[in-house]
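The following exercises are to be worked with the sequence and the coordinates at hand. Each task is followed by a solution in steps.

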Amino acid sequence: MCKEVLSNLQDWTLPEQAREGRTLTMWLYLVAFVGLYYLLRWYRERQVVSHLRDKFVFITGCDSGFGNLLARQLDARGLRVLAACLTEKGAEQLRRQTSDRLETVNLDITKTESIAAATQWVKEHVGDRGLWGLVNNAGIIKRVSLCEWLSIDDSMDILKVNLIGVIQVTLSMLPLVRRARGRIVNVSSILGRIASFAGVYCVSKFGVEAFSDILRRELRHFGVKISIVEPGYFRTGMTNLTQSLEGVKQSWEKAPKHIKETYGQQYFDAFYNIVKEGLLSCSTNLNLVTDCMEHALTSVHPRTRYSAGWDAKFFFIPLSYLPTSLADYILTRSWPKPAQAV
Ligand SMILES: NC(=O)c1ccc[n+]([C@@H]2O[C@H](COP(=O)([O-])OP(=O)(O)OC[C@H]3O[C@@H](n4cnc5c(N)ncnc54)[C@H](OP(=O)(O)O)[C@@H]3O)[C@@H](O)[C@H]2O)c1
């Protein structure tokens with residue numbers, strides 16, 4: 001105790017220059033430590049699994065967007081891609097753009113019989129090797145809207161595809177993935193980390209995060225690795241400007257009269273413009289997302305979570321760690337005021 005007090009006193013009596021020198025040394029140690037951490041992480045993460053050309057990867061929602069690009073990317077890298085498309089037209093287009101090794105199957109993830117048939121098809125393809133990768137990518141947003149404007153049927157549709165579909169496909173394919181000690185990559189969203197502006201879609205993505213976390217913990221003794229990909233805003237079929245704005249209009253038009261009176265036309269007009277601005281600012285660099293998916297499937301040490309896109313990394317993720325009241329203020333400060341606001 002006495003020694004401690006004495007050393008503190010000595011610190012105080014050090015000349016200013018010596019104290020500055022100590023602070024500088026402390027900062028240098030810190031920078032070196034952080035640099036070393038990132039260097040080791042970079043080295044660890046760049047190790048690639050062997051025999052990629054023999055590995056089968058099944059991807060849902062390959063008609064367009066991230067799924068379509070990932071299928072082409074993995075095919076070019078030599079993996080055996082089993083691409084599930086919702087429509088035959090989407091499957092045909094994809095086959096035309098890829099090698100003979102890529103195969104397609106039609107799959108609607110809201111239909112039990114469709115999932116069972118796709119699982120049987122995958123089983124026949126992979127045989128005893130099992131399925132190395134399952135990418136749960138298919139998803140819908142239906143309409144960008146407030147929770148109150150969305151009909152319960154629309155909400156159910158979103159949950160059926162984005163959450164129940166993901167759970168059902170995963171549980172159906174899991175024995176095949178377990179056999180290969182493979183990977184499951186679930187596409188969530190940055191809106192699965194912090195809920196904002198997309199109503200029940202956020203609920204579905206929070207569900208995907210929870211499902212992935214619990215599955216990772218349950219499967220840790222089977223050598224199966226689960227990764228979650230959380231994209232920010234990207235320009236795909238889901239964020240198509242014309243269709244999305246039409247969807248916003250439809251949800252407002254369909255909303256009950258009392259809800260319209262509560263919010264008012266001015267609120268809707270401002271909301272519409274905010275959505276439009278958001279859609280116009282979507283990133284067109286889809287590789288930022290598919291590179292994360294590819295890493296999760298091919299690296300010896302995949303990450304548990306990948307946030308993809310600058311908005312995700314530098315705005316939404318930091319925001320999700322702030323106190324809720326501060327995050328609420330930042331997210332809603334530019335929102336309009338409803339007609340019947342109190
Ligand atoms: N774009 C973004 O900014 C963004 C951000 C965060 C997360 N995400 C997530 O990324 C994933 C891929 O979306 P995306 O942006 O690439 O949009 P997308 O281009 O619309 O791709 C979604 C795919 O899912 C398919 N699909 C829809 N319903 C299906 C069903 N019932 N069964 C099977 N497939 C179905 C679609 O088929 P059709 O084309 O034939 O309808 C389409 O191929 C989704 O999970 C989405 O939530 C996207």
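**Exercise 1. A residue with positive phi**

In which loop does His51 lie? State also its backbone angle and its exposure.

Solution. The model is a predicted one.
Step 1. His51 belongs to the loop between α2 and β1 (56-59).
Step 2. The phi angle of His51 is near 55°, a positive value in a residue other than glycine.
Step 3. A residue counts as exposed if 12 or fewer other C-beta atoms lie within 10 Å of its own. His51 has 8 such atoms and is therefore exposed.

**Exercise 2. A second residue with positive phi**

Locate Lys142 in the chain and determine whether Lys142 is buried or exposed.

Solution.
Step 1. Lys142 is placed in the loop between β4 (133-136) and α6.
Step 2. Its phi is near 65°, again a positive value in a residue other than glycine.
Step 3. The threshold for a buried residue is 20 or more other C-beta atoms within 10 Å. For Lys142 the count is 22, so Lys142 is buried.

**Exercise 3. The chain as a whole**

Describe the secondary structure, the dimensions and the contacts of the chain.

Solution.
Step 1. The chain contains 13 helices and seven strands.
Step 2. Along the principal axes, its C-alpha atoms fill a box of roughly 80 × 60 × 35 Å.
Step 3. The chain has 342 residues, of which 36% count as buried.
Step 4. Among contacts with a separation of 6 or more, 75% join residues 24 or more positions apart.

**Exercise 4. Helix α2 and the annotated span**

How many of the 30 residues of α2 are buried? Relate the helix to the UniProt annotation of residues 24-43.

Solution.
Step 1. Helix α2 covers residues 16-45 and reaches 44 Å from its first C-alpha to its last, close to the 44 Å expected at 1.5 Å a residue.
Step 2. The number of buried residues in α2 is zero, so the helix lies largely in the open.
Step 3. An unreviewed UniProt entry places the feature "transmembrane region" at residues 24-43.
Step 4. In the model, this span is 100% helix and 0% strand, and its end C-alpha atoms lie 28 Å apart.

**Exercise 5. The two faces of helix α8**

Which residues of α8 are buried, and which exposed residues does the opposite face carry?

Solution.
Step 1. Helix α8 (residues 241-254) has 14 residues and reaches 20 Å between its end C-alpha atoms, close to the 20 Å expected at 1.5 Å a residue.
Step 2. The buried residues in α8 are Ser244, Val248, Ser251 and Trp252. They lie on the same side of α8, because they cover an arc of only 100° around the axis.
Step 3. These buried residues of α8 pack against α10 (265-280).
Step 4. The face turned away from the buried side carries the exposed residues Thr242, Gln243, Glu246 and Glu253.

**Exercise 6. Surroundings of the ligand**

How many residues surround the ligand? Break the shell down by class.

Solution.
Step 1. The ligand is surrounded by 28 residues, and the closest are Gly61, Gly65, Gly139, Thr236 and Gly237.
Step 2. By class, the shell comprises twelve nonpolar, 14 polar and two charged residues.
Step 3. Helix α3 (residues 65-77) supplies the largest share of the shell, three residues.

**Exercise 7. Three residues and their environments**

Determine the exposure of Val81, Val289 and Ser172, and list the contacts of each residue beyond four places in sequence.

Solution.
Step 1. Val81 is found in strand β2 (residues 80-85). With 28 other C-beta atoms within 10 Å, Val81 is buried. Its contacts are Val57, Ile59, Ala71, Leu74, Asp75 and Leu102.
Step 2. Val289 is part of helix α11 (residues 287-298). Val289 has 26 C-beta neighbours inside 10 Å and therefore counts as buried. Val289 is in contact with Phe66, Val229, Pro231, Phe234 and Ala308.
Step 3. Ser172 is located in helix α6 (residues 152-180). Its count of other C-beta atoms within 10 Å is 18, so Ser172 is partly exposed. Ser172 touches Ile115, Ala116 and Thr119.

Definitions and conventions: Residues numbered from 1 in each chain as written. Predicted model: local features only at pLDDT ≥ 70, side-chain atom pairs only at ≥ 80, totals over all residues. Near = placed C-beta within 6 Å. Helix = DSSP H or I, 4+ residues; strand = E, 2+ residues; numbered from the N terminus. Nonpolar A, V, L, I, M, F, W, Y, C, P; charged D, E, K, R; others polar. Expected span 1.5 Å × (residues − 1). Arc of directions from axis to C-beta. Contact = placed C-beta atoms within 7 Å. UniProt positions renumbered as here; feature names shortened; annotations may be inferred.
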